Amino acid sequence: NIPKIVLTRPLMPEIMAKFQSRPVNLTCWETDTPAPREWLLDNVSGADALLVMLSDKVDKELLDKAGTNLKAISTMSVGVDHCDLAQLKERNVRLSNTPDLLTSATAEIGALLYLAAARRASESIAFIQRNQWPQVGWGPLLMAGQLSENKTLGFLGFGRIAQATMHRLVPFGIKKVIYTDSGRTDRSARNAELSKTYDIEIKRVDLSTLAQDSDALILLAAMTADMKHIINRDFLNNMKKTSFVVNVARGPLIDTYALNDAINENVIAGAGLDVIEGEPHIDSNHPLVKNDKVFLLPHIGSSTVETRYAMADLSVSNALKGAYNEDMQSQINL
Ligand code: GLV
Ligand code: GLV
């Protein structure tokens, strides 16, 4: 029996060629747009493995349609919040993602969003585009932002990408790092080491201290049900007026409307976002798109050419192994 693999997005030609390395029946959505849910439901039957993007929901309905042949899911992402882990575990379906190889690229976007928000890049661009520059000219406090020196960075979630983001920002003069995380891993030894390496204080704190003490808050936590809207109006009310929020993780960590209001009411200074609740259905009328103090990118954290080729390559080799019921690289413990 030749295993069937369903792929929800065409990948680079060089990477697609890898599917010829072993006998497989490949069913692939052919256009460079998200595979419609209906197409996926109609084509998944009898699949041995699925290669999915973070925009494809791997839930009970899809798994039921796939049937009992299904052995593995390979997702071309580090996040796995689009997959129902309990359902996968119950059905003995393996899951693999693409961690590590996207850490640097995503940390660069974290640093970019941090600087863009700190130095009011989005507002400054809007100022030029609205022809305000000729009237206002150079001003003593024109677009005056926040200097990084002697500031406290707060991380919601302090895994590999957060640490890599810190690594990129410490040279700007950051004085202290505070963080919260889900706490499954004891990181005290690692933190002591990091503290020494970077010569800064690194401290785990509770959520309200994170809100109160962060000059900039960087979200790099995995999205789980209990984390939905963890950044809500109460949290934002506790933040400093000069502080800003950077989201490099998942949109629903933030209550969108609470964030928009908090910025408009000068409760916080602004935001830099690579992700937003409701993406990709975000048009130019969305309040955060219209908000000059929000620097928004279309979920491109891992998008460097090198990184995306590496992610595609790993997810294809994982899909092939998974279809043959072999251990995949970076398999998730369900
Ligand atoms: C990006 O958000 C990813 O999960 O890979
Ligand atoms: C994600 O993989 C992280 O470690 O932050």
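A residue counts as buried here if 20 or more other C-beta atoms lie within 10 Å of its own. By that yardstick, helix H9 (residues 188-198) is hardly covered: among its 11 residues, the count of buried ones is 0. Just past the end of H9, Asp199 takes a positive phi of about 55°. All of this comes from a predicted model, and the rest of the chain gives H9 some context. Of the 334 residues, 40% count as buried.

Taken as a whole, the chain holds 14 helices and 12 strands. Its radius of gyration is 22 Å, close to the 20 Å that the globule rule gives for 334 residues, so the chain is as compact as a globular protein of that length. Along the principal axes, the C-alpha atoms fill a box of roughly 70 × 50 × 35 Å. As for how the contacts are spread, those with a separation of 6 or more are 70% accounted for by residues 24 or more positions apart.

Now to the sheets. One of them is open and built from 5 strands in the order S2-S1-S3-S4-S5, with parallel pairing. Strand S2 (25-28) and strand S5 (94-96) sit at its edges with a single partner strand each, so one side of each is left without a neighbour in the sheet. On average, neighbouring strands here are turned by 15° against each other, direction ignored. Helix H14 (residues 305-323) packs on this sheet and touches strand S1 (4-7) as well as S3, S4 and S5, its direction making about 180° with that of S4.

Strand S1 is a good place to look at the pairing in detail. S1 pairs with S2 in the parallel sense over 4 bridges, and with S3, again in the parallel sense, over 3 bridges. Leu7 shows up on both sides of this arrangement: Leu7 stands opposite Cys28 in S2 and opposite Leu51 in S3. In a regular strand the side chains alternate between the two faces of the sheet. In S1, Lys4 and Val6 point one way while Ile5 and Leu7 point the other way, and all are buried. That includes the lysine, Lys4.

Further along the sheet, strand S3 (residues 49-52) and strand S4 (residues 72-75) run parallel and are joined by 4 bridges. Val52 has Thr75 as its bridge partner in S4. Ala72 also belongs to strand S4. With 28 C-beta neighbours inside 10 Å, Ala72 counts as buried, since the cut-off is 20 or more. Leaving aside neighbours within four places in sequence, Ala72 is in contact with Ala49, Val93, Arg94, Gly322, Ala323 and Met328. Of these, Ala49 falls in S3 (residues 49-52), Arg94 in S5 (94-96), and Gly322 and Ala323 in H14 (residues 305-323). Pro280, by contrast, is 208 residues from Ala72 along the chain, and the C-alpha atoms of the two are separated by 26 Å.

The other open sheet has 7 strands in the order S8-S7-S6-S9-S10-S11-S12, and the pairing is parallel. At the edges stand strand S8 (201-204) and strand S12 (294-296), each with a single partner strand, so one side of each lacks a neighbour in the sheet. From one strand to the next, the twist averages 15°.

Within this sheet, strand S6 (residues 152-156) and strand S7 (residues 176-180) pair in the parallel sense over 5 bridges. Gly154 stands opposite Ile178 in S7. Strand S10 (residues 244-247) pairs with S11 over 4 bridges, also in the parallel sense, with Val245 opposite Ala271 in S11. Strand S11 (residues 270-273) sends Gly270 and Gly272 one way and Ala271 and Leu273 the other way, and all are buried.

That leaves the ligands. Around ligand 1 are Leu54, Ser77, Val78, Gly79, Leu102, Gly301 and Ser302. By class, this shell has 3 nonpolar, 4 polar and no charged residues. Ligand 2 is surrounded by Val78, Pro99, Gly159, Arg160, Ile161, Ala162 and Leu220, a shell that divides into 5 nonpolar, 1 polar and 1 charged. Val78 appears in both shells.

Methods
Residues are numbered from 1 along each chain as its sequence is written. Chains are lettered from A and ligands numbered from 1 in the order in which they are written. This is a predicted model: local features need pLDDT of at least 70, side-chain atom pairs count only at pLDDT 80 or more; totals for chains, interfaces and linings use all residues. Helices (H or I, at least four residues) and strands (E, at least two) are DSSP runs, numbered from the N terminus. The radius of gyration is taken over C-alpha atoms; the globule rule is 2.2 Å times the number of residues to the power 0.38. A residue is buried if 20 or more other C-beta atoms lie within 10 Å of its own, exposed if 12 or fewer, and partly exposed in between; C-beta atoms are placed from the backbone. Two residues are in contact if their C-beta atoms, placed from the backbone, lie within 7 Å. A residue is near a molecule or strand if its C-beta atom, placed from the backbone, lies within 6 Å of it. Ala, Val, Leu, Ile, Met, Phe, Trp, Tyr, Cys and Pro count as nonpolar, Asp, Glu, Lys and Arg as charged, and the others, Gly among them, as polar. Two strands pair if DSSP finds at least two bridges between them. Axes are lines fitted to C-alpha atoms, for helices over the stretch in contact, and angles run from 0 to 180 degrees between N-to-C directions.
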